Amino acid sequence: MAKLAQTTATPRTVEEILQDVTAAAIELIPGTDTAGVLLIHGNGKFESLGSDGELPAKLDQLQHDFQEGPCAQAALQDTIVRTDDFRTEKRWPRYSPAAIELGVLSGLSFKLYTADRTAGALNLFGFQPNIWDAEAETIGTVLAAHAAAAILAGRHDEQLHAALSSRDRIGQAKGIIMERFGVDDLRAFDMLRALSQEGNAKLVDVAQRVIDTSGNNALD
């Protein structure tokens, strides 16, 4: 677990860290044959990450299609969702038979606290029934916390990159306006802001438009 925690300190993608998490789940939790991470975005889109094969993504897709299942329930509602045997599971009448067809008899899902509008779950699957106990739930909870931290860190990096990119574009657009109209930095920014308000558009979008049309005298 300490070795796994060190992965967040090295420059790696969220997908790579989540793959380490699912690999650790398979290694540390007996009976786990495959594992993956499901993210459910605010628009209802399902995204499968960190899986060690195709099976977790197939199971996620079934839950999207049926609008039911343990992984989605953990992501959106419960903290831990455990199924000891899908052959006797009644909570998901369409998903359970489909999971059995794919050879999955057990499932253990943990909510990921990812904040914002994205819900998530770390999902473990077993090909045998009745394989997990309280210790498995404890280890899975710790792994889920690590996965959530990786997702949050990745989102922070994306937001920082977007902010820096926006700043650079606004600065470039101001330079174009200053050169074209012979105004200072403050006046150039005021002109950009006026265009943003008049067009009811984001400042960075207006800046990009200025850059794209810099040779066409679009502000004249």
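These legends go with an overview and several close-ups of a predicted model.

**Figure 1. The whole chain, with eight helices and five strands.** Reading from the N terminus, the elements come in the order α-α-β-β-α-α-β-α-β-β-α-α-α. Of the 220 residues in the chain, 41% are buried. Take the contacts with a separation of 6 or more: 60% of them are between residues 24 or more positions apart. The chain exposes about 11,800 Å², and carbon and sulfur atoms supply 51% of that area.

**Figure 2. Close-up of the aromatic cluster of Phe86, Trp92 and Tyr95, linked by ring pairs.** Searching the whole structure turns up two aromatic pairs. In one of them, Phe86 and Trp92 have ring centres 6.5 Å apart and planes at 55°; that angle is neither under 30 degrees nor over 60, so the pair counts as tilted. Phe86 also pairs with Tyr95, here edge-to-face, at 5.7 Å centre to centre with 75° between the planes. As for burial, Phe86 and Trp92 are both buried, and Tyr95 is buried too.

**Figure 3. Close-up of Ser106, a buried residue in strand 4.** The strand covers residues 106–112. Ser106 has a relative accessibility of 0%, so it counts as buried, the cut-off being under 20%. Look for the polar atom of the Ser106 side chain: the backbone oxygen of Gln128 lies 2.5 Å from it. Leaving out neighbours within four places in sequence, Ser106 is in contact with a string of residues, among them Thr83, Asp84 and Phe86. Others that Ser106 contacts include Leu124, Phe125 and Gly126, as well as Gln128, Pro129, Asn130, Ile131 and Trp132. Phe86, one of these contacts of Ser106, also belongs to the aromatic cluster with Trp92 and Tyr95.

**Figure 4. Close-up of Ala121 in strand 5, with its contacts from elsewhere in the chain.** Strand 5 takes in residues 119–126. Ala121 has 0% relative accessibility, so it goes down as buried. Val37 is 84 residues away along the chain, yet its C-alpha atom and that of Ala121 are separated by 5.7 Å. Not counting residues up to four places away in sequence, Ala121 touches Gly36, Val37 and Leu38, along with Cys71, Ala74 and Ala75. Phe110, Lys111 and Leu112 are also among the residues that Ala121 touches, and these three fall within strand 4, residues 106–112.

Conventions: Residues are numbered from 1 along each chain as its sequence is written. This is a predicted model: local features need pLDDT of at least 70, side-chain atom pairs count only at pLDDT 80 or more; totals for chains, interfaces and linings use all residues. Side-chain values use heavy atoms; hydrogens and water are left out. Rings of Phe, Tyr and Trp (its six-membered ring) pair if their centres lie within 6.5 Å; planes under 30 degrees apart count as stacked, over 60 as edge-to-face and the rest as tilted. Buried means under 20% relative accessible area, exposed over 50%, partly exposed in between (1.4 Å probe, protein chains only). Helices (H or I, at least four residues) and strands (E, at least two) are DSSP runs, numbered from the N terminus. Contact means heavy atoms within 4.5 Å. A polar contact is a pair of N or O atoms within 3.5 Å; within protein, one must be able to donate a hydrogen and the other to accept it, and residues adjacent in sequence count only if both atoms are side-chain atoms. Accessible areas come from the Shrake-Rupley method with a 1.4 Å probe; for residues, only the protein chains shown count as cover.
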